[in-house]
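I opened the notebook to record what I looked up in this model, beginning with how two helices pack and ending with two single residues.

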Amino acid sequence: MTLLRIPYALVEGTTWVDESARQRVTPYNPLRQVPTLILPDGEVMTETAAILVDLADRHPTAALAPAVTDPRRRQFLRWMVYVSSEIYALHWIKPDVTRIGAPVAHRQAVIDAVHERIAFCWQSMDAQLQPGRYLLGEKLTVLDLYIAVVSRFGPRRTRFYEAAPNMAPVVRRVDAEERLSDFWRARFPFDAGWE
């Protein structure tokens, strides 16, 4: 939305730890998860990858996604869904390991195993891509943005850089994107130890 210059109102809420945040989002998303996007006409969208693809497609002049006729489109969709289902979805386990039937006493072991799986998934993706300036070539897409954010979650960026050396320069380039400097500062500051 920042790159598209779409005005929006942000309602903060760490639904994974805050019951009041879960209650605020429940009328819009029964899974009580964020992001949950409420469009001007009242329609609700959930699922980060779907939101990003939809926004990019609705604003084609911004060129944040390959067009349907672009040969890169299939790989764009492939990797958007891959990050969502194989990596981002694993973060759902970490706040409450009982969601997968693990005892609370094994929480750290489960988190460690989740981080190993995430690193493996980054490594697998990295081995199949030959990035240019960005992951799919010379133009920034929402795939680059998505990975720049998700790669900040556990096991954190340092591990991402090790697992995905081909993608590492791309996420660093996205981090340095001047049009996003205010966004990064407000949402994901580059404070000491963030990596």
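I took contact to mean heavy atoms within 4.5 Å, and I took helices from DSSP runs (H or I, at least four residues; strands are E, at least two), numbered from the N terminus. This is a predicted model, in which local features need pLDDT of at least 70 and side-chain atom pairs count only at pLDDT 80 or more, while totals for chains, interfaces and linings use all residues. Residues are numbered from 1 along each chain as its sequence is written, and side-chain values use heavy atoms, with hydrogens and water left out.

Entry 1, a helix pair. I looked up where α3 meets α4, and found R78, W79, Y82, V83, E86 and I87 on the α3 side against R117, I118, C121, W122, S124, M125 and Q128 on the α4 side. By class, this contact has 8 nonpolar, 2 polar and 3 charged residues (nonpolar are Ala, Val, Leu, Ile, Met, Phe, Trp, Tyr, Cys and Pro, charged are Asp, Glu, Lys and Arg, and the others, Gly among them, are polar). For the geometry, I noted that the axes of α3 (residues 73-87) and α4 (residues 107-128) come within 10 Å and cross at roughly 165°, where axes are lines fitted to C-alpha atoms over the stretch in contact and angles run from 0 to 180 degrees between N-to-C directions. The two helices are therefore roughly antiparallel, a term for angles over 145 degrees.

Entry 2, the core. I then looked up the largest nonpolar core, which has 55 residues, with M80, W122, M125, L143, I147, M167 and V174 having the most contacts inside it; such a core is a set of buried Ala, Val, Leu, Ile, Met, Phe, Trp, Tyr and Cys residues joined through side-chain atoms within 4.5 Å. Helix α5 gives the most to this core, with 8 residues. I followed I147 outward and, leaving aside neighbours within four places in sequence, found I147 in contact with V83, W122, M125, L135, F160, M167 and V171.

Entry 3, two single residues. R73 lies in helix α3 and is buried, with a relative accessible area of 9% (buried means under 20%, exposed over 50%, partly exposed in between, with a 1.4 Å probe and protein chains only). Not counting residues up to four places away in sequence, R73 touches V53, D57, A65, P66, A67 and V68. T2, in the segment before α1 (19-25), is partly exposed at 32% relative accessible area, and with the same kind of neighbours left out T2 touches Y8, R179, L180 and F183.

Terms used. Angles under 35 degrees count as roughly parallel, over 145 as roughly antiparallel, 65 to 115 as roughly perpendicular and the rest as oblique.
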